[in-house]
Amino acid sequence: MRPTGALHLGHYHGALKNWVRLQAELPCLFFVADWHALTTHYDDPSVIETSVWDMVVDWLAAGVDPSQATLFIQSKVPEHAELHLLLSMATPLGWLERVPTYKDQQEKLADRDLATYGFLGYPLLQAADVLIYRASQVPVGDDQVPHIEMMREIARRFNHLYGKEKGFEEKAQEAVKKLGSKRAKLYNELRTQFQQQGSENALEQAKAMLDDAQNLSMIDRERLFGFLEGSRKLILSEPQALLTESSRLPGLDGQKMSKSYGNAIALREEKDVVSKKVRTMPTDPARVRRTDPGDPDKCPVWQFHVVYSDDATREWAAKGCRSAGIGCLECKQPVIDAIIREQEPMHERAQQYLDDPSLVRAIVADGCDHARKLAQDTMRDVREAMGLGYS
């Protein structure tokens, strides 16, 4: 996430709830993208430092667990920048210019000067962020899928250009033997099915088998992945998009929730502020008087009921609105109660880090160390492949 301001409930329902679920299922890395924040805030970076630490506290408050996931800051792992530079040597300019969000963001942020390489090249830095950890999956919404596809193309091009290795086939055959006789036979059968018949199912089966093979070194695993598809070592893995639901929670005015729109509820909002913000939300404009019936589908409050209320409460709210049996303030109260209930454990989790900020610094320092070791492993292979492995 880019640290460009306080997190709000839209971030929680759109991403953080999913992160909390994923950390229990897969090894996850979550990082504060401070370099990415500079792509749009390079002329006024003052907001970034404060936002970095506030963001990590928000993650911890939301339930992201440093004992299950790695939390770190992008700029503290300089290998991201090195891989970005090296990838830029072989990435066609047209690939960056065709990213759908490039022109879209320029139009949306017309008040800022975004005619910079940093802004044009941010999808390439994004690719480096992912490829350096040989990530298998990236949780994104639909709008980010083109970025993941570009990462895959960059990895494919890199492997094609630099995946040559002297004696590769012989080394791959030796690696096959390390699988054991049964697995080696299955690997060769699946490889033949893919290369001769184009069976994608055979390719996926073989990749799954390699993922499960605990006795292989990283370099042998890369060789066998490359041997499956041809005769080149796979130095960079192609990640898959792990599609996540976009947040169903709108802003207080029915638009997308955004701090810049002034329609957001912060992730750790005070109770009285939550109550005031929801109580002053606009409702169906047709309900001028208390006795006027309304239409829930035309009321922003209803979308909060969809996210926060159970079936019985939703039925009560919809029926009461249409019949004018309840007033708008009555309708809003269950939403207020539900948001406050949701945020109570967040306030509790955050308090220890607010009382002692050194705890947050320690978590991030440990995460940066772990992330950097993973990144350095990849960069050793990248440098060697590009002829930069000399000491």
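These questions and answers walk through the domains, cores, aromatic pairs and salt bridges of a predicted model.

Biologist: How far apart do the C-alpha centres of domain 1 and domain 2 lie?
Modeller: The domain assignment gives domain 1 as 9-162 + 239-248 + 357-386. Domain 2 covers 165-229. Their C-alpha centres are separated by 30 Å.

Biologist: Which helix gives the largest share of the largest nonpolar core?
Modeller: That core holds 92 residues, and Leu-16, Trp-59, Leu-87, Phe-304, Ile-339 and Val-382 touch the most other members. Ten residues, the largest share, come from H3.

Biologist: Which domains each give this core at least three residues?
Modeller: One is domain 1 (9-162 + 239-248 + 357-386). The other named contributor is 268-355, so the pair is domain 1 and domain 3.

Biologist: What type of aromatic pair do Trp-19 and Trp-59 form?
Modeller: Seven aromatic pairs turn up in the whole structure. In this pair the ring centres are 5.1 Å apart and the planes meet at 70 degrees. Planes over 60 degrees apart count as edge-to-face. The pair is therefore edge-to-face.

Biologist: How many residues apart in sequence are the parts that Trp-19 and Trp-59 tie together?
Modeller: Trp-19 lies in helix H1 (residues 9-22). Trp-59 belongs to helix H3 (residues 46-62). Both tryptophans are buried. The parts they tie together are 40 residues apart in sequence.

Biologist: Over which ring does the charged end of Arg-191 sit?
Modeller: The charged end is 3.5 Å from the ring centre. The residue carrying that ring is also a member of a separate core of 20 residues, which includes Ala-184, Leu-190 and Leu-203. The ring is that of Phe-227.

Biologist: Which helices does the salt bridge between Glu-82 and Arg-383 link?
Modeller: The side chains meet at 2.8 Å, N to O. Glu-82 is partly exposed at 25% relative accessibility, and Arg-383 is partly exposed at 23%. The two residues are 301 residues apart. The linked helices are H4 (residues 79-88) and H18 (residues 357-385).

Biologist: Are Asp-220 and Arg-223 buried or exposed?
Modeller: They form a salt bridge, with the closest N and O atoms 3.0 Å apart. Three residues separate them in helix H13 (residues 218-229), about one helical turn. Both are buried.

Biologist: Which residues are linked with Asp-220 and Arg-223 in a network of salt bridges?
Modeller: The whole structure has 23 salt bridges. Asp-220 and Arg-223 share one of them. The others in their network are Glu-165, Lys-171 and Lys-178.

Note on methods. Residues numbered from 1 in each chain as written. Predicted model: local features only at pLDDT ≥ 70, side-chain atom pairs only at ≥ 80, totals over all residues. Heavy atoms only, no water. Phe/Tyr/Trp six-rings, centres within 6.5 Å; stacked < 30°, edge-to-face > 60°. Helix = DSSP H or I, 4+ residues; strand = E, 2+ residues; numbered from the N terminus. Buried < 20%, exposed > 50% of the residue type's maximum accessible area, 1.4 Å probe, protein only. Lys NZ or Arg CZ within 6 Å of the ring centre and 35° of its normal. Core = buried A, V, L, I, M, F, W, Y, C linked by side-chain atoms within 4.5 Å. Salt bridge = Lys/Arg side-chain N within 4 Å of Asp/Glu carboxyl O.
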